[in-house]
Protein chains: 2
Amino acid sequence: MGTTLYRRVAEDIKAAIVSGSYQAGARLPSESELAARYGASRGTIRQAFAALVADGVISSRQGARRVVLGGPRLQTFNELVSFSRWARAIGEEPAGRVERMELRAANEDECAHLEVPLGSRVYHLTRVRYLSGRPVMIERTAYREPVGAMVAGMALDVVSITERLEDLGVIFADAEHQIDAVAATSEDARLLEVRSRVPLLRERRRTADPDGVMLEWSDDRYLGDAVAFTVRNSASVKALSRLPSQR
Amino acid sequence: MGTTLYRRVAEDIKAAIVSGSYQAGARLPSESELAARYGASRGTIRQAFAALVADGVISSRQGARRVVLGGPRLQTFNELVSFSRWARAIGEEPAGRVERMELRAANEDECAHLEVPLGSRVYHLTRVRYLSGRPVMIERTAYREPVGAMVAGMALDVVSITERLEDLGVIFADAEHQIDAVAATSEDARLLEVRSRVPLLRERRRTADPDGVMLEWSDDRYLGDAVAFTVRNSASVKALSRLPSQR
DNA sequence: TAGTGGTCTAGACCACCGC
DNA sequence: CGGTGGTCTAGACCACTAG
């Protein structure tokens, strides 16, 4: 088999949901029925269902058939970490203009978030990102070494730094996003070509590799009327938290 | 056993992480070692690890020991759906003041989100929520029948509607949150006691029962400097999406 | 190359749901 | 009550990591 069996089962079910064969609220086939249909054991079918539950596509309760949840419009992890990949996925043309680029000592905040010693040097980048020619976001990103050195070696006009890093063997595996609302500073307003104090959606993100080593720490500010985030969660998937702001 | 074995294993590991026995980046014991320690089969231990991966506490890759990720600051699903429960969990005193309360025909937006026919009646509630006496959020919630009728029957000064509904047998199982930034309208500003056009963090939330039936649709607006949301995700947990705003 | 996690099987018993 | 999902076992083989 080219891929694994349980992934194939999960993909089949997801495809059937997207195609409309199972509407929201519909009850899915039982484990034993699918096991017979695929010639697989019950455990393999359960693994497929578990993947769909984790993605928020279906819900599951003891004794009752599994049920299709509302509109699944999920993105892959890669689309979430890379602005460029996301833009292309929604049919827009991504672009970036470098505003500032520097190798300097990390400030206290950056050291804490990147989990590096005080005084470490980090590579810092400020870019304005565009969707089909319109400025929608400012990213201010600090890269930890040795990733910073790779970024420094890239041409200034590279559109997707994330994709280039992946080509170089850097693996982004886990991210923590903190989302709140702020008023545009005068610099924000100038870069986004809007008035000062306009509401911006701020996403502060830490991305780690599979060993939990922090790779980047970014402060991204989106125009409030350009972008929204959606989160799915349930009793079994605890991905979201609400925090009192401590600033 | 009072609870299930795999949950106990998962709780033990999580407790060891929280207590500092395993720092961020530390490598956890192998499956076979834990299986021997608990007298359990390998499958049970894997189930425990899978729960921790779903919660974003650890990461897992073939061939290598599992690794502890950065600080786990997760909330239960219930704390996320109920403002009151969340407030108490962070040591603040929750309160609510009802601004408006009405039973009326749902508008187009509400029908779409609650998945009820056009013209259905919904119960609509506007409340200002306080943390230790300070106004921090406005909630504008539409409840679908028959939940609406239960809400209508409650005393006006009930602090936690969600908890009262749970007492009445309503199960909140799955939620979809859409998060963006907006400027305070004049009504928003009056209710939150701030100036007009101040940046607010808006959370629009649909909550469903275990069968996927929508129960409530809410537009919650937080003071930008009072609250933030955090999301954890990874290649295996796809809970977050970024959307172009369509308004 | 030895150890580890990823996948899969073929059973078993129980708790819960819906008819 | 029968069907269903939740839990658990005891094996097996493979792909990958790390020393």
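The following exchange concerns a predicted model of protein chains with DNA strands and the criteria behind its descriptions.

In this predicted model, local features need pLDDT of at least 70, side-chain atom pairs count only at pLDDT 80 or more, and totals for chains, interfaces and linings use all residues. Residues are numbered from 1 along each chain as its sequence is written, chains are lettered from A and ligands numbered from 1 in the order in which they are written, and side-chain values use heavy atoms, with hydrogens and water left out.

Reader: What makes a residue count as near DNA strand D, and which residues come nearest?

Author: A residue is near a strand if one of its heavy atoms lies within 4 Å of it. There are 27 such residues around DNA strand D, and Arg42(A), Gln62(A), Arg65(A), Leu5(B) and Thr44(B) come nearest. Of the atoms of DNA strand D that come within 4 Å of the protein, 73% belong to sugar and phosphate.

Reader: Why is the approach of Arg66(A) to a phosphate oxygen of DNA strand D called a polar contact?

Author: A polar contact is a pair of N or O atoms within 3.5 Å (within protein, one must be able to donate a hydrogen and the other to accept it, and residues adjacent in sequence count only if both atoms are side-chain atoms). A polar side-chain atom of Arg66(A) lies 2.8 Å from the phosphate oxygen, so the pair qualifies. The side chain of Ser60(A) has an N or O atom 3.1 Å from a phosphate oxygen of DNA strand D. For Gln62(A), a side-chain N or O atom is 2.7 Å from a sugar or linking oxygen of that strand.

Reader: Which polar contacts involve DNA strand C?

Author: Among them, a polar backbone atom of Ser41(A) is 2.7 Å from a phosphate oxygen. A polar side-chain atom of Thr44(A) lies 2.5 Å from a phosphate oxygen, and one of Gln62(B) lies 2.6 Å from a sugar or linking oxygen.

Reader: Why is the pair of Tyr222(A) and Phe229(A) called edge-to-face?

Author: Rings of Phe, Tyr and Trp (its six-membered ring) pair if their centres lie within 6.5 Å; planes under 30 degrees apart count as stacked, over 60 as edge-to-face and the rest as tilted. Here the centres are 5.7 Å apart and the planes stand at 85°, so the pair is edge-to-face. By this rule there are four aromatic pairs over all chains.

Reader: Are Tyr222(A) and Phe229(A) buried or exposed?

Author: Both Tyr222(A) and Phe229(A) are buried, a term for under 20% relative accessible area, with exposed over 50% and partly exposed in between (1.4 Å probe, protein chains only).
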